[in-house]
Protein chains: 2
Amino acid sequence: MINIITSKNNSRIKQLIKLKQSKYRQEMGYFLVEGFHSVEMAYKANLLIEIYSLKPIDNLDVDQYIISKDILDKITTSVTAQGIVAKCFMKKALPISNNIIIYLDNISDPGNLGTILRTALAFNIKDLMLSKDCVSLYNDKVLAATQGALFALNVVKSDFEKLVELKNSGYSLVATSLKDSIALNELPNLKKIVIIFGNEGNGIRQEILNICDYKVNIPISNIDSLNVGVAAGIVLYHLNEKYEKM
Amino acid sequence: MINIITSKNNSRIKQLIKLKQSKYRQEMGYFLVEGFHSVEMAYKANLLIEIYSLKPIDNLDVDQYIISKDILDKITTSVTAQGIVAKCFMKKALPISNNIIIYLDNISDPGNLGTILRTALAFNIKDLMLSKDCVSLYNDKVLAATQGALFALNVVKSDFEKLVELKNSGYSLVATSLKDSIALNELPNLKKIVIIFGNEGNGIRQEILNICDYKVNIPISNIDSLNVGVAAGIVLYHLNEKYEKM
């Protein structure tokens with residue numbers, strides 16, 4: 001069904017504006033995505049509730065609301081909106097089931113988190129655990145950087161205890177760390193891995209480093225560190241190449 | 001020498017504000033960097049002219065101007081300023097001299113450009129060529145993402161003709177491209193390479209693809225492409241590993 005909304009004071013529009021805040025997203029269980037690509041991914045994942053756009057959108061069998069540019073600007077936060085926003089259900093977290101898992105410890109930059117999610121999906125890694133102090137998964141900048149990847153991933157809030165549980169159930173914990181570490185290509189063949197990336201400024205917290213089975217680094221020169229999104233890309237590429245040969 | 005500036009209308013402050021615009025940077029040959037790390041890198045590279053900060057800075061033998069938070073906020077654009085800004089000379093472009101060169105074709109996101117510069121330095125690649133339609137090198141977001149790497153690199157504005165010259169002088173042109181390409185690890189050993197990365201949305205322009213000797217891709221699943229900064233990281237890591245073995 002296609003409807004037209006002309007007022008910013010419409011109750012649906014008011015709800016969308018509230019959904020910019022993490023508190024309301026958690027309360028309501030909804031979040032917003034912007035841009036055609038993300039909306040399509042949401043639709044495919046059966047998580048699309050309704051669309052708000054400047055023009056009618058074909059081929060998507062959901063309720064549509066036509067709104068003005070003024071109202072769209074109130075709802076969206078980025079230049080990537082492309083005239084379309086959608087309200088979606090948050091994904092339910094599933095049990096961890098794959099042999100390679102990513103654990104993110106206090107990633108604070110939304111662009112980095114989004115990029116890591118996109119890269120994970122590209123390398124077919126579908127289980128990601130996020131420490132509770134990571135930036136919000138449904139932050140608009142995270143969503144812009146994921147390019148819709150979120151809908152195909154299983155991303156769960158996590159903590160130190162969950163890491164201990166995985167270790168006890170047979171996963172090797174592998175930290176990326178500059179200190180006291182072996183080069184990435186010296187990592188032995190491991191069947192089940194949790195690969196851990198840490199905060200942009202401080203790296204992985206000591207509590208976690210203490211229980212890791214391996215610490216690996218990417219050999220670099222001249223500067224102290226790589227951007228964490230780039231580091232994740234290199235590690236996942238390397239593991240992907242390695243596991244293909246195994 | 002340490003001086004105190006109390007007015008926003010001070011002619012030095014007015015000049016700094018102008019330097020936020022690309023036009024004035026080109027005209028004057030100066031640009032601004034923010035944050036301790038970048039200021040230190042500028043100092044080491046002998047490109048630091050003078051410092052503007054909330055408090056006196058030790059160990060840097062240049063003119064210092066103490067300014068208020070109000071004035072600092074007028075000059076800086078990011079949260080990374082850490083109470084310090086410096087006016088620097090732009091680096092002079094040097095002749096290309098290394099065996100691995102990066103060519104960036106119309107990279108439009110400042111974070112991506114900055115990240116690629118930082119990653120290049122980490123993998124010891126010091127010559128970078130930028131097509132004229134790349135985002136400005138001295139954009140504050142580019143500088144924030146480079147983490148000071150710019151000062152240790154040779155970054156030159158470039159164009160199609162320069163690529164042809166390099167090809168004629170014995171460099172193999174290697175494009176990263178999703179279409180009609182071989183996997184990255186199938187790239188033969190080449191002595192002199194120009195590795196080319198393209199625009200975030202459109203990839204490398206056809207004119208350049210037409211003259212490339214090799215096209216390589218990073219094998220991925222589920223999604224169409226990686227972030228270009230991540231892709232660059234993976235390619236440079238791979239080349240670094242490969243050339244170490246050669």
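Visitor: How many residue pairs are in polar contact between chain B and chain A?
Guide: Bear in mind that this is a predicted model, where local features need pLDDT of at least 70, side-chain atom pairs count only at pLDDT 80 or more, and totals for chains, interfaces and linings use all residues. Residues are numbered from 1 along each chain as its sequence is written, chains are lettered from A and ligands numbered from 1 in the order in which they are written, and side-chain values use heavy atoms, with hydrogens and water left out. A polar contact is a pair of N or O atoms within 3.5 Å; within protein, one must be able to donate a hydrogen and the other to accept it, and residues adjacent in sequence count only if both atoms are side-chain atoms. For chain B and chain A, with both residues at pLDDT 80 or more, the number of such pairs is 12.

Visitor: Which element of chain B gives the largest share of the side that touches chain A?
Guide: Contact here means heavy atoms within 4.5 Å, and each of the two chains puts in 27 residues. On the chain B side, the elements giving two or more residues are H5 and helix H9 (228-245); helices (H or I, at least four residues) and strands (E, at least two) are DSSP runs, numbered from the N terminus. The largest share, 8 residues, comes from H9(B).

Visitor: And how much area do chain B and chain A bury between them?
Guide: Buried area is the accessible area (1.4 Å probe) that two parts lose on being put together, summed over both. Of the area here, 59% is on carbon and sulfur atoms, and the salt bridge count between the chains is 0. The total buried comes to about 2400 Å².

Visitor: Let's look inside chain A: how far apart are the C-alpha centres of domain 1 and domain 2?
Guide: The bounds, from an automatic or database domain assignment, put domain 1 of chain A at 2-89 and domain 2 at 100-245. Their contact takes 15 residues from domain 1 and 11 residues from domain 2. The distance between the C-alpha centres is 31 Å.

Visitor: Which three residues supply 43% of the area that domain 1 of chain A buries against domain 2?
Guide: The two domains bury about 980 Å² between them, 68% of it on carbon and sulfur atoms. No other three residues of domain 1 supply more of its share than A:Arg25, A:Phe31 and A:Met41.

Visitor: Which residue joins A:Arg12 and A:Glu50 in a salt-bridge network?
Guide: A salt bridge is a side-chain nitrogen of Lys or Arg within 4 Å of a carboxyl oxygen of Asp or Glu, and A:Arg12 meets A:Glu50 at 3.1 Å, N to O. The pair sits 38 residues apart, with A:Arg12 in helix H1 and A:Glu50 in strand E3 (residues 48-53) of chain A. A:Arg12 is partly exposed at 33% relative accessibility, whereas A:Glu50 is buried at 5% (buried is under 20% relative accessible area, exposed over 50%, partly exposed in between; 1.4 Å probe, protein chains only). The other member of the network, through shared partners, is A:Lys87.

Visitor: How many residues apart in sequence are the parts that A:Arg205 and A:Asp133 tie together?
Guide: Their closest N and O atoms are 2.8 Å apart. A:Arg205 is in the loop between strand E11 (193-197) and helix H8 (206-209), and A:Asp133 in the loop between strand E7 (127-131) and helix H6 (140-146), so the salt bridge links parts of chain A whose separation in residues is 72.

Visitor: In helix H3 of chain B, how wide an arc do the buried residues cover?
Guide: In H3 (residues 36-44), the buried ones are B:Ser38, B:Val39, B:Met41 and B:Ala42. They share one side of the helix because their arc, taken from the directions from the helix axis to the C-beta atoms, is only 160°.

Visitor: Where is A:Asp180, the non-glycine residue with a phi near 50°?
Guide: Most residues other than glycine have a negative phi, yet the phi of A:Asp180 is positive. A:Asp180 is also exposed, with a relative accessible area of 71%. Its place is in the chain A loop between strand E9 (172-176) and strand E10 (182-183).
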